[in-house]
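This text leads a new reader through a structure one part at a time. Please keep the sequence and the 3D view at hand while reading.

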Amino acid sequence: MAKTDSNGNIINIKTGLAEMLKGGVIMDVVTAEQAKVAEDAGAVSVMALERVPSDIRKAGGVARMSPPELIEEIMKAVSIPVMAKCRIGHFAEAQILESIGVDYIDESEVLTPADEEFHINKHDFKVPFVCGAKNLGEALRRIGEGAALMRTKGEPGTGNIVEAVRHMRKINAEIRKVVNMDEAELMTEAKELGAPYELLKIVRAEGKLPVPNFAAGGIATPADAALCMQLGAETVFVGSGIFKSDNPEKFAKAIVKATAHYNDPAIVLEASKELEGVAMRGTEISELEEPMKMANRGW
Amino acid sequence: MTPNNNFTIGVLALQGCVYPHRPHIEAMGDAFKAVKTEQDLKQVDGLILPGGESTTMLKLINAFKLKDVLVEYFKDHPVWGICAGTILMAKTVTNPEQDSFGLINMDVERNSYGRQLESTHYKIEGYPVSFIRAPRISCNTPDIHVHARRDDDPVWIEYDHYMATTFHPEMTLQFPSPMHTAFHNLIADKN
């Protein structure tokens, strides 16, 4: 039967779109022209932004939702689904994005949080939400609030895959642990993870998150995409990695190819040879000042 | 082909909603196979073109040089297109115009009911299904058999050894869906 959430909304309409995006690449774009490049390269969706994460880092200050005109222009330019970001806890920005008619809202740590205690009650919205997580407890809290899709946080705008790998492995390991638990142990585990008990029961029964799980944060090459997919991501988000590379068109196409055949090293190799340019310059995580570690935003 | 009137049903797995088909296919005693290459295609008795992004699938079909291989396969094997797959099977595609295989004499308009906010649940023959950023079919010939409509729009059609649905039955957890059963029967007729 159709799954419904606590307010009776049919979840599979919300997660359903995420199912359609599986095995694909979602690309950050800041103009309608970039959105066209992404679509022509085979992106399954674009994330409409005012600045990609690496430029948000450089610019400093407060990063907010993108201007509505920019998002609308991108929606007009392409036929694939368009996502947009709002600040953590900023439900008024989310209401604007829903009114614009975007296909998915990312309540994102890439922007400056608007609320340091509470995330948005995503059950209040008809538009589906994606949220980031570093571990199982955080993922299940977001799903409990109504997120229909999860992604790793990674460390956005760094071109460094290490944090996304850490988050993916952490969630996988915690799921394996829960699957092997005696049912009597689950309530204490829920307490320790800070995760809703009912959702933890679903994870134990199904061996996976109750919604699709994508990778994001630091993906810069076809090999990075293949790595995330082999670690269990069902789709990849690429932020700065495409339009901050030497050759966005080639990088976009190559990452799409590598994601489709992530398990076939010969094809990932072929894609890696088609880049005709250098990947974005990366950042070592230890070089980041503590307030600029975006993955630590969200609670 | 597997014995006892059971078949191997493939799902084109370049991108999209592939694995939710597995329990439906296995509930009929058939075998599921994700199809990514020409080699995979040789092992399946019928092929599902799944939901997903039709633009992405077209790029990948071209990038991996699968177009001619698929055209050849489509000639004498049952094919079921779902949502994006229906778009690939159309004679002409609008909103915007794009390439397609022209298997069924129909026009298909992409995202015809609107964006995600217009995505909705529906019941077809009593079975819950979902329309997700769904396309709309206009049949160009009376030879196309219409199994079901949503208001006036044909949403489940059959023509020769081809079937198309603009909605998704595969995410509903009652196995198998009537549409999967119909596709199995289409394969049985062909064999």
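Pro176(B) is found in the loop that lies between strand 12 and helix 6 (178-190) of chain B. The model is a predicted one. The peptide bond that leads from Phe175(B) into Pro176(B) is cis, and its omega is near -10°. A cis bond also joins Asn95(B) to Pro96(B), again with omega near -10°. Pro96(B) sits in a loop of chain B as well, between strand 5 (92-94) and strand 6 (106-109).

These loops belong to a chain with six helices and 12 strands. Chain B has a radius of gyration of 15 Å, close to the 16 Å that the globule rule gives for 191 residues, so chain B is as compact as a globular protein of that length. Measured out along the principal axes, its C-alpha trace would fill a span of about 40 × 40 × 30 Å. Of the 191 residues in chain B, 60% are buried. Among contacts in chain B with a separation of 6 or more, 62% are between residues 24 or more positions apart.

One buried residue of chain B can be followed in detail. His161(B) is in the loop between strand 11 (153-159) and strand 12 (162-165) of chain B. Is His161(B) buried or exposed? Its relative accessible area is 7%, and because buried means under 20%, His161(B) counts as buried. The side chain of His161(B) makes a polar contact, at 3.3 Å, with the side chain of Asp160(B). Beyond its neighbours within four places in sequence, His161(B) is in contact with a run of residues that includes Phe74(B), Lys75(B), Asp76(B), His77(B), Pro78(B) and Val79(B). Leu186(B) and Lys190(B) are also among the contacts of His161(B).

Asp151(B) gives a contrasting case. Asp151(B) lies in the loop between strand 10 (145-150) and strand 11 of chain B. With a relative accessibility of 66%, Asp151(B) counts as exposed. Its phi is near 55°, which is a positive value in a residue other than glycine.

From here the path moves to chain A, by way of a residue that touches both chains. Pro81(A) is in the loop between helix 4 (68-77) and strand 3 (82-87) of chain A. Pro81(A) has a relative accessible area of 1% and is buried. Which residues does Pro81(A) touch, not counting residues up to four places away in sequence? In chain A they are Leu17(A), Leu21(A), Val44(A), Ser45(A), Val46(A) and Asp103(A), and in chain B they are Glu53(B), Arg115(B) and Arg133(B). The C-alpha atom of Pro81(A) is separated by 7.9 Å from that of Tyr104(A), a residue 23 places away along the chain.

Helix 6 of chain A comes next. Why is helix 6 (residues 136-144) of chain A described as largely enclosed by the rest of the structure? Seven of its nine residues are buried, so the surrounding structure encloses most of the helix. The buried residues are Leu136(A), Gly137(A), Glu138(A), Ala139(A), Leu140(A), Arg142(A) and Ile143(A). They pack against two strands of chain A, strand 5 (129-133) and strand 6 (149-152). They also pack against helix 7 (162-179), helix 8 (186-193) and helix 9 (197-206) of chain A. At the N-terminal end, helix 6 of chain A is capped by Asn135(A), which has a side-chain oxygen 3.3 Å from the backbone nitrogen of Gly137(A). After helix 6 of chain A comes Gly146(A), with a positive phi near 115°.

Further along chain A, two helices lie against each other. The axes of helix 12 (residues 248-260) and helix 13 (residues 265-272) of chain A come within 9 Å and cross at roughly 180°. Helix 12 of chain A is therefore roughly antiparallel to helix 13 of chain A. Helix 12 of chain A contributes Ala254(A), Lys257(A) and Ala258(A) to the contact, and helix 13 of chain A contributes Ile267(A), Val268(A), Glu270(A) and Ala271(A). By class, this contact has five nonpolar residues, two charged residues and no polar ones.

The walk ends in the segment after helix 13 of chain A, where Glu276(A) has its place. Glu276(A) is exposed, with a relative accessible area of 57%. Its phi is near 50°, a positive value in a residue other than glycine.

Methods:
Residues numbered from 1 in each chain as written. Chains lettered and ligands numbered in written order. Predicted model: local features only at pLDDT ≥ 70, side-chain atom pairs only at ≥ 80, totals over all residues. Heavy atoms only, no water. Axes fitted to C-alpha atoms, helices over the stretch in contact; angles between N-to-C directions. Helix = DSSP H or I, 4+ residues; strand = E, 2+ residues; numbered from the N terminus. Parallel < 35°, antiparallel > 145°, perpendicular 65-115°, else oblique. Contact = heavy atoms within 4.5 Å. Nonpolar A, V, L, I, M, F, W, Y, C, P; charged D, E, K, R; others polar. Buried < 20%, exposed > 50% of the residue type's maximum accessible area, 1.4 Å probe, protein only. Polar contact = N/O pair within 3.5 Å; in protein donor to acceptor, adjacent residues only side chain to side chain. Rg over C-alpha atoms; globule rule 2.2 N^0.38 Å.
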